[in-house]
Amino acid sequence: MAEIILGLMGGLGLFLYGMELMSKSLEKVAGAKMRSILEFFTKTPIRGILVGTLFTAVIQSSSAATVMVVSFVNSGLMNLYQAAGVIMGANIGTTVTSQLISFNLATLAPAIVMAGVVMLMFCKKVKLQRIGEVLLGFGILFMGLTTMSSSMSVLKESPQVVEIMSSLTSHFLAVIVGIVVTTVLQSSSATVGIVLLLANQGLLDIRICFFIILGCNIGSCVSALLASLNGKRDAKRAALIHLLFNIIGTAIIYLILTVALEPVTGFIQMISRSNPGREVANAHTLIKIVEVIILAPFIKQIVKLTGWLIKGDEKKTEETFKLQYIGEKSVFSPTTAVFDATREMERMGHMAITNLERAMNALITLDEEDIAQVYEVEKQIDFLNHEITNYLVKVNETTLPADDAKSLGGLFHVVNDIERIGDHAENIADAARSRMERGVDFSDQAKRELSGMLDMVIKITTYALDMFSRNNQEHMQEILDLEDQVDQAERELQESHIQRLTRGECTASAGMMFSDIISGLERVSDHATNIAFSLMDDDPIEQQKEKRAQAAGR
């Protein structure tokens, strides 16, 4: 018996490891692209259901898909109605795993493992290596199934085991078993795989398998619930949508099966041609599809119910020294980690832009409250710089989708560029305070020139932040043109202020302050251009310089 138990444990270990490896590898291969699909094609619940089904079928993990959805809701990318559709679709998509398991691919498993190892060891391209990881995980999964199946084939010859398994006749108890096993294994696919093997060996009747599968529905919610604990209120509501959908769906299917168990069993056996493994897989898929069909029209009501259960609204105010998308109030998922960091940097960037405008207003109007506010916001920008950088270091230690891993280096530069823009705003506030203390006066022309240059700098910085955070390249050429215009304006204004000095229209102190400020604004423009093109492979600025050099040489 000890050998049988060890065989079962070893097989289960291989199965779980293979599934984890396959799921993570598929997520690395397709994570960033699938994230874009989730972002742009979930505008209605029905689309969300279709996308959620596709996404989960690809990455082979409803838990990963749901955790990602919770993260999207937490970062404000997706609202709860969109999330509800994706979560429902994820419940259907996860049944693809059991369908694959039901087809006996055990004989091909060693060849699949070998193919994966060869690709990992000998292929130089990262994408091919990751595909090799997928194949390796797929092969290990089926080798684990083979090991478990061999051990179970011995178990069916034990009268005691047969008696224990046949004694599981309570439908409610079967649901509890499904919940407990899935909660422990953290994978409904793993539980269904075990049920499938037990049914194949004749140890479990298909009728009781239905109810264990229903329990798996509820047990699969644990991952998303745990992920949402440190999230914001809407993230908790998204996880609760998943739980409510599965509890309500389980209750409805439970009642249907209680009333019409034999007709349902007959239908499943007919479409599965009395193959026990296929019966379990088909039952798993049909249960999920029926649940979605029944509950999809009630998405709004389910979302409203989560609002009633978790009351209150998120505060929209900017709290001092708080993170909104990363940190303690975040839901960490490797697939959305870079996106969440980008949202936090976008928020930091808007703070820096607003502070730059506030500082210039303080310089012109000598408003003491504005000067004090600039210093306070600068402290928060420094805080965000520190926290985001630490977060990026943490993210760099995890395995990311290929596109995200490639862009990570650029993010470190962007957060530094934003911090430097904040420093320039602080420098202008310093100048405003110095102007007040020393009684330095600016001419009306100097004020107009500073305001005009600031307008250009704010415009290029706003466009740059939008291009970085939203990948919006609509204003790319305008950014390049504005960079040239700011450089030209800086040269012209330096000359203009020298002329005012020579005519005696301004003091030396005012002239030095004016010169420092416009030089600082020009550097802000440089930082903005760096931000805009931080994630692009080609450097449009260098290309433009080359074109100009060629044109000048003609």
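# Helix crossings, a kink and some positive phi values

Helix α9 and helix α11 cross in the right-handed sense (a crossing is right-handed if the near helix is turned clockwise from the far one by less than a right angle, and left-handed if anticlockwise). We're looking at a predicted model here, where local features need pLDDT of at least 70, side-chain atom pairs count only at pLDDT 80 or more, and totals for chains, interfaces and linings use all residues. Residues are numbered from 1 along each chain as its sequence is written, and side-chain values use heavy atoms, with hydrogens and water left out.

Back to that first pair. Helix α9 covers residues 171-185 and helix α11 covers residues 206-219; their axes come within 6 Å and cross at roughly 45 degrees. (Axes are lines fitted to C-alpha atoms, for helices over the stretch in contact, with angles from 0 to 180 degrees between N-to-C directions.) That angle makes α9 oblique to α11 (under 35 degrees is roughly parallel, over 145 roughly antiparallel, 65 to 115 roughly perpendicular, the rest oblique). Helices are DSSP runs of H or I with at least four residues, strands are E runs of at least two, and both are numbered from the N terminus.

Now compare helix α17 (residues 368-396) and helix α18 (residues 402-438). Their axes come within 9 Å and cross at roughly 165 degrees, which makes α17 roughly antiparallel to α18. The crossing of α17 and α18 is left-handed.

Helix α13, residues 233-271, is the bent one to look at. With 39 residues, a straight helix at 1.5 Å a residue would reach 57 Å, but the end C-alpha atoms of α13 are only 44 Å apart (the expected span is 1.5 Å times one less than the number of residues). Where is the kink in α13? Find alanine 260: there's a kink of about 95 degrees at that residue, shortly before proline 263 (the bend is the angle between axes fitted to the seven residues ending there and the seven starting there).

Helix α16, at residues 334-365, behaves by the book: its 32 residues should span 46 Å at 1.5 Å a residue, and the 47 Å between its end C-alpha atoms agrees with that. Of those 32 residues, 24 are buried, so α16 is largely enclosed by the rest of the structure (buried is under 20% relative accessible area, exposed is over 50%, partly exposed is in between, with a 1.4 Å probe and protein chains only).

A few backbone angles are worth a click as well. Most residues other than glycine have a negative phi, and here are some that don't follow suit:

| Residue | Phi | Where |
|---|---|---|
| Arginine 273 | near 55 degrees | following α13 |
| Serine 274 | near 55 degrees | loop between α13 and α14 (276-295) |
| Leucine 366 | near 60 degrees | following α16 |
| Asparagine 471 | near 55 degrees | loop between α19 (444-470) and α20 (476-503) |

Serine 274 counts as exposed because its relative accessibility is 55%. Asparagine 471, at 57% relative accessibility, counts as exposed too.

Finally, take a look at two leucines. Leucine 54 sits in helix α2 (residues 45-59) and is partly exposed, with a relative accessible area of 44%. The C-alpha of leucine 54 is 9.0 Å from that of isoleucine 92, which lies 38 residues away along the chain. Is leucine 465, in helix α19, buried or exposed? At 2% relative accessibility, leucine 465 counts as buried. Leucine 465 and glycine 349 are 116 residues apart in sequence, yet their C-alpha atoms are 6.9 Å apart in space.
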